[in-house]
Amino acid sequence: MNHSPFPILEFDPDRRAKLTPEHPDTPLLPQRCVITFFREALEELVREQKLDPIAYLHSEIVDLPIYRLKRDGEPVCVALPFATSPGAVCTLEELHTLGAEKFVVCGGAGCLTPGLELGRIILPVSAVRDEGASYHYLEPGREAACPAEGLAAARRGLASLGIPVLEGKTWTTDALYRETEEKIARRAAEGCLTVEMECAGFFAAAQFHGLPLAQLLYAGDDLSADTWDSRGWDRQHTVRRNLLETALDLVTYF
Ligand SMILES: O=P(O)(O)O[C@H]1O[C@H](CO)[C@@H](O)[C@H]1O
Ligand SMILES: O=c1cc[nH]c(=O)[nH]1
């Protein structure tokens with residue numbers, strides 16, 4: 001392991017760790033898994049009796065439900081994640097331990113470039129690692145790429161479903177309230193379309209474990225002008241329900 005004045009840059013390639021998620025005797029979850037940040041859309045599917053609860057992701061403060069459904073005759077599970085990059089990597093590793101092997105994540109993001117219309121779907125091909133968790137899974141570097149197998153499956157599936165997306169780079173930050181003018185300008189200049197808090201963590205942990213994963217984002221609030229415009233981004237129910245349905249369809253191509 002290297003030594004660095006900055007602890008976050010001391011990457012340890014040892015794949016073993018003292019603490020790992022607990023394995024059930026037999027896999028509990030289907031291999032195909034959707035991770036969604038759209039709680040109200042998931043709750044709507046529960047009210048429509050389309051989902052059966054099968055397990056929970058546990059934490060000290062909250063237990064998050066994992067559901068099962070059939071899509072195109074195939075079993076799929078769908079889960080709410082813990083937020084931010086450390087939450088994302090724990091979510092992925094725990095779902096994987098429970099039996100999930102292939103992942104489509106869907107969430108929302110802030111827009112860094114003008115003209116990205118509310119609800120536009122983005123397929124991130126890489127994420128700028130302005131967070132901490134990814135540094136425990138990959139050598140230090142500026143970006144984490146979407147795992148190649150996941151990106152290929154997502155492109156194939158989206159083309160076949162006829163869903164238009166914008167491919168691009170996203171900025172993953174740990175600090176929601178430190179998205180400053182200069183940082184926004186710098187990230188936009190390096191090609192980031194969006195900002196969110198999990199993508200680099202998901203990409204890094206998926207690469208570490210060799211798991212096919214892709215993420216879909218929708219263009220939400222707007223940070224490209226002088227003042228922040230929320231655009232009511234987290235109340236876009238139709239956009240969010242539709243994107244969840246797209247993710248459920250897409251994972252059948254994985
Ligand atoms: O739509 P969701 O994906 O909630 O996520 C975005 O919103 C949260 C911040 O408000 C972060 O988790 C960020 O990634
Ligand atoms: O992380 C995020 C998510 C949405 N909007 C932002 O500005 N940041």
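**View 1. Residues around ligand 2 in the predicted model.** The surroundings of ligand 2 comprise Ala 109, Gly 110, Leu 176, Glu 179, Val 195, Glu 196, Met 197, Gly 220, Asp 221 and Leu 223, a residue being near a molecule if its C-beta atom, placed from the backbone, lies within 6 Å of it. At least two residues of this shell come from each of strand 5 (102-111), strand 9 (192-196) and strand 10 (213-222); strands (E, at least two residues) and helices (H or I, at least four) are DSSP runs, numbered from the N terminus. The shell of ligand 2 divides into 5 nonpolar, 2 polar and 3 charged residues. In this classification Ala, Val, Leu, Ile, Met, Phe, Trp, Tyr, Cys and Pro are nonpolar, Asp, Glu, Lys and Arg are charged, and the others, Gly among them, are polar. Residues are numbered from 1 along each chain as its sequence is written, while chains are lettered from A and ligands numbered from 1 in the order in which they are written. The model is predicted: local features need pLDDT of at least 70, side-chain atom pairs count only at pLDDT 80 or more, and totals for chains, interfaces and linings use all residues.

**View 2. Residues around ligand 1.** Phe 37, Ala 83, Gly 107, Gly 108, Leu 176, Glu 196, Met 197 and Glu 198 surround ligand 1. By class, 4 are nonpolar, 2 polar and 2 charged.

**View 3. Packing of helix 2 and helix 5.** Helix 2 (residues 84-97) packs against helix 5 (residues 199-209) at an angle of about 35°, and their axes are 8 Å apart. Axes are lines fitted to C-alpha atoms over the stretch in contact, with angles running from 0 to 180 degrees between N-to-C directions. The crossing is right-handed, that is, the near helix is turned clockwise from the far one by less than a right angle. Helix 2 contributes Ser 85, Pro 86, Ala 88, Val 89, Leu 92, Glu 93 and His 96, and helix 5 contributes Ala 200, Gly 201, Phe 202, Ala 205, Ala 206 and His 209; contact requires C-beta atoms, placed from the backbone, within 7 Å. These contact residues comprise 8 nonpolar, 4 polar and 1 charged.

**View 4. Packing of helix 3 and helix 6.** The angle between helix 3 (residues 148-161) and helix 6 (residues 237-250) is about 115°, with axes 10 Å apart, and the crossing is right-handed. Ala 154, Gly 157, Leu 158 and Leu 161 of helix 3 meet Thr 246, Asp 249 and Leu 250 of helix 6. This contact has 4 nonpolar, 2 polar and 1 charged residues.

Terms used: Two residues are in contact if their C-beta atoms, placed from the backbone, lie within 7 Å.
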